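Subject: Structure handover

Hello,

Here is the structure for you to take over. My notes on it follow below.

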Amino acid sequence: MSTPVSSHDGSLFSRWAAFTVRRRGLVVISWVVLLVVLVGLWVTTGAKLANSFELPGTESQRAFDLLQGRFPQRAGDTAELVFKSPEGIASADVRPRVEAVLAGAAALPGVISVASPYAPDSRTVSAGGTIAYATLQYGQRASNVPKADVEALLGLVERESGAGLAVEAGGGVVEANEQEPPGATEGIGLIAAVFILLIAFGSVVAMGLPLATALVGMLASFALMFIAANVLDLPIFATSFAAMIGLGVGIDYALFVVTRFREGLDEGRSVEDSVVQAISTAGRSVAFAGAVVVIALLGMLAIGIPFVGALGIAGAIVVALAVLVALTLLPALLAYTGRTIDKWRLPFFHATDSADPSGVWYRLSRMIQHRPILFFALSLGVLLLLASPVLSMRLGSSDAGNNPDSLHSRRAYDLLAEGFGSGFNGPLTVVLDLAGSRGNPGENTERVRAALAAWPGVRQVSPPFINPAGDAAIMTAIPEFSPQDDATKQIVHDLRSKALPPAVEGSGLTVYVTGPTASFIDIGDRIIGRLPLFFGAVIGLSFLLLMMVFRSVLVAVKAAIMNLLSIGAAYGVVTAIFQWGWFSGLLGIKSGPIETFLPMMLFAILFGLSMDYEVFLISRIREQYLRTGDNAESVARGLAVTARVITAAAAIMVVVFLSFVLGPNRVIKEFGIGLATAIFVDAT
């Protein structure tokens with residue numbers, strides 16, 4: 001057998017790979033020191049996630065700023081204690097038990113005040129008298145309330161409920177702290193990844209390297225995220241989001257490099273030449289694929305919402321570190337491992353793929369090339385069928401009513417809807433700035449209240465509450481429809497643009513409509529308004545990067561179109577499951593709108609991730625073409641030698657993403673289903 005040509009081609013990737021092999025000890029020690037420093041900073045300076053959800057330039061944010069300055073005691077969020085008794089809340093047997101719960105709640109940490117349903121002017125008992133609620137005012141925003149404080153509230157609820165009295169806790173404070181912690185479902189994905197890697201590599205040692213490097217990247221990413229949380233408004237689910245992306249890309253990138261390294265060894269190359277070949281080919285593909293993902297994620301900054309941009313930065317950190325680990329730590333570990341990478345082989349599993357014309361993948365490629373129109377039409381038809389539900393996609397915000405029945409917030413939501421109507425769970429807070437009021441402030445405020453009460457779709461308006469300084473007032477308007485109903489969104493827009501401006505005209509008052517429901521509507525309006533800019537920026541930058549990689553306009557156009565089709569299929573499947581309700585019972589969810597930010601975030605992630613297989617496959621085809629000049633043969637051979645690794649990589653991503661569907665968070669379930677669908681479609 002002839003000696004393979006050296007892989008040292010003088011390129012940056014080739015020179016770097018040779019350096020990591022010859023200085024592998026320095027590289028590994030550097031990573032150990034870096035991890036120690038990052039973890040140390042995480043422990044000593046790391047901040048809590050979800051410090052705030054600011055919406056600059058929106059009416060909701062202006063109202064919140066006013067509340068902070070003039071109603072500091074009401075700038076925090078609330079929780080609700082909900083009671084139900086067939087005997088009636090006012091019965092002699094039930095009232096003492098309810099009052100005991102209220103007294104216990106008032107003594108809980110973080111609770112500023114408790115509004116009793118038994119107060120003389122209370123309107124918090126249902127018409128039938130069997131359901132009532134008490135509002136617990138906290139001094140902080142829901143995301144800042146310590147989890148221990150919420151657990152104390154839930155413990156009180158669980159102790160007191162029973163014997164004819166149902167007690168539940170809901171509201172923003174409870175919902176924000178009922179999320180499953182990171183690590184609860186990732187283990188399932190890791191276990192599945194182990195089996196897939198064993199099947200793909202047929203070697204225990206080869207299986208372990210991608211897992212080990214992925215976990216190193218994840219540890220560094222989490223440390224950086226919590227350090228960055230000091231200046232970034234990272235939402236509570238950012239950890240699950242980052243774990244989902246980090247595990248998938250971390251294992252996949254390492255998988256590509258390790259596969260190419262083993263191919264080099266099988267060709268008779270030295271360990272150093274094999275590492276250099278792996279980094280200068282697969283490593284180059286990983287670098288460019290990762291760059292596309294990072295660009296797409298950073299494009300979320302264009303939306304102009306701090307927590308959305310922060311999520312994009314968090315995702316970009318995770319992907320960038322996965323690329324960095326694959327190009328630095330992994331080649332050093334491969335140099336140490338050398339030919340022992342195939343140690344502890346499993347029987348019946350092939351170590352690497354080949355371009356054998358008798359192989360199933362080679363023959364499949366030839367069959368498709370003989371009937372390209374037929375296979376094109378079939379695949380396009382399937383993609384369009386999967387994407388068709390997107391035509392009826394309804395964007396909005398899910399709420400506690402979409403949570404699993406196992407959560408207190410869902411059960412409290414259902415009780416409140418039963419006793420007070422579906423709109424009760426989406427109250428609108430109306431804030432009045434009285435500082436510039438002309439005339440009688442009381443009369444001006446009453447005109448606003450009358451305008452609210454008279455507007456179609458508003459079921460109830462509370463009396464105004466004026467602060468001690470007399471320069472601000474708040475009141476609550478209850479719509480007739482649920483928070484996620486399109487009619488509620490229309491009511492918010494109508495109140496702001498039609499009902500309230502005439503009521504304050506000439507009075508000097510400024511009035512704002514805010515609250516969680518209005519805030520989510522503002523988020524949705526901001527995102528939808530900037531989606532065209534976002535999509536255009538991501539597609540344009542990715543297109544330019546692909547042209548740089550392949551020096552071909554046609555390849556870049558084809559890649560962009562294929563990615564859009566796979567993303568469309570993902571959108572369609574998410575719509576069918578989460579909006580139409582397909583398999584909702586199996587997933588433990590209730591149908592509702594698709595989160596407004598989901599299409600944007602899925603697009604950012606998937607447009608990059610879908611490039612991984614595109615770049616890896618086309619790179620191998622291009623290598624074959626430069627060697628042979630035969631287009632058809634290059635396609636067949638490129639597919640044959642990459643089919644196993646692409647299948648394994650996709651399978652790992654799919655099982656990792658689907659493992660997150662097992663948690664209770666509906667948003668994370670949507671991400672998991674959408675990402676898994678797009679990766680499956682793209683690889684297939």
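Glu59 is buried: its relative accessible area is 15%, and the cut-off for that class is under 20%. The model is a predicted one, and this value is computed from it like the rest. Glu59 belongs to helix α3, which covers residues 59-70. Setting aside neighbours within four places in sequence, the contacts of Glu59 are Arg496, Val511, Tyr512, Val513 and Asp522.

Next, a helix pair. Helix α2 (residues 24-45) packs against helix α8 (residues 204-228) at an angle of about 35°, and their axes are 9 Å apart. The crossing of α2 over α8 is left-handed. On the α2 side the contact is made by Trp31, Leu35, Leu38, Val39, Leu41, Trp42 and Thr45. On the α8 side it is made by Val216, Leu219, Ala220, Phe222, Ala223, Leu224, Phe226 and Ile227. Sorted by class, the contact of α2 with α8 holds 14 nonpolar residues, one polar residue and no charged ones. The spacing within these lists can be read against helix geometry: an α-helix has 3.6 residues a turn, so residues three or four places apart point the same way.

Two further points concern α8. Its 25 residues should span 36 Å at 1.5 Å a residue, and the end C-alpha atoms are 36 Å apart, so the expected and modelled values agree. Of those 25 residues, 18 are buried, and α8 is therefore largely enclosed by the rest of the structure.

There is also an open sheet of four strands, in the order β2-β3-β1-β4, with antiparallel pairing. Its edges are β2 (111-115) and β4 (166-170), each of which pairs on one side only. On average, neighbouring strands in this sheet are turned by 20° against each other, direction ignored. Within the sheet, strand β1 (residues 78-84) and strand β3 (residues 131-138) are joined in the antiparallel sense by seven bridges. One bridge partner pair there is Glu80 with Thr135 of β3.

Which helices pack on this sheet? Helix α4 (residues 94-106) lies across β1, β2, β3 and β4 and runs at about 165° to β1. Helix α15 (residues 408-420) packs on the sheet as well, where it touches β1, β3 and β4, and its direction makes about 110° with that of β4.

The last part is strand β9, residues 472-479. Is β9 mostly covered or mostly open? Mostly covered, with seven of its eight residues buried. Its pairings are as follows.

- Strand β6 (residues 428-433) pairs with β9 in the antiparallel sense over six bridges; Thr429 has Thr476 of β9 as its bridge partner.
- Strand β7 (residues 458-461) is joined to β9 by three bridges, and the two run antiparallel; here Gln460 stands opposite Ile478 of β9.
- Strand β8 (residues 465-466) is joined to β9 by two bridges, also antiparallel; Phe465 has Ile474 of β9 as its bridge partner.

β8 and β9 form a hairpin with five residues between the strands, and in this hairpin Gly470 takes a positive phi near 75°.

Regards

Definitions and conventions
Residues are numbered from 1 along each chain as its sequence is written. This is a predicted model: local features need pLDDT of at least 70, side-chain atom pairs count only at pLDDT 80 or more; totals for chains, interfaces and linings use all residues. Side-chain values use heavy atoms; hydrogens and water are left out. Buried means under 20% relative accessible area, exposed over 50%, partly exposed in between (1.4 Å probe, protein chains only). Two strands pair if DSSP finds at least two bridges between them. Axes are lines fitted to C-alpha atoms, for helices over the stretch in contact, and angles run from 0 to 180 degrees between N-to-C directions. A crossing is left-handed if the near helix is turned anticlockwise from the far one by less than a right angle, and right-handed if clockwise. Contact means heavy atoms within 4.5 Å. Ala, Val, Leu, Ile, Met, Phe, Trp, Tyr, Cys and Pro count as nonpolar, Asp, Glu, Lys and Arg as charged, and the others, Gly among them, as polar. The expected span of a helix is 1.5 Å times one less than its number of residues.
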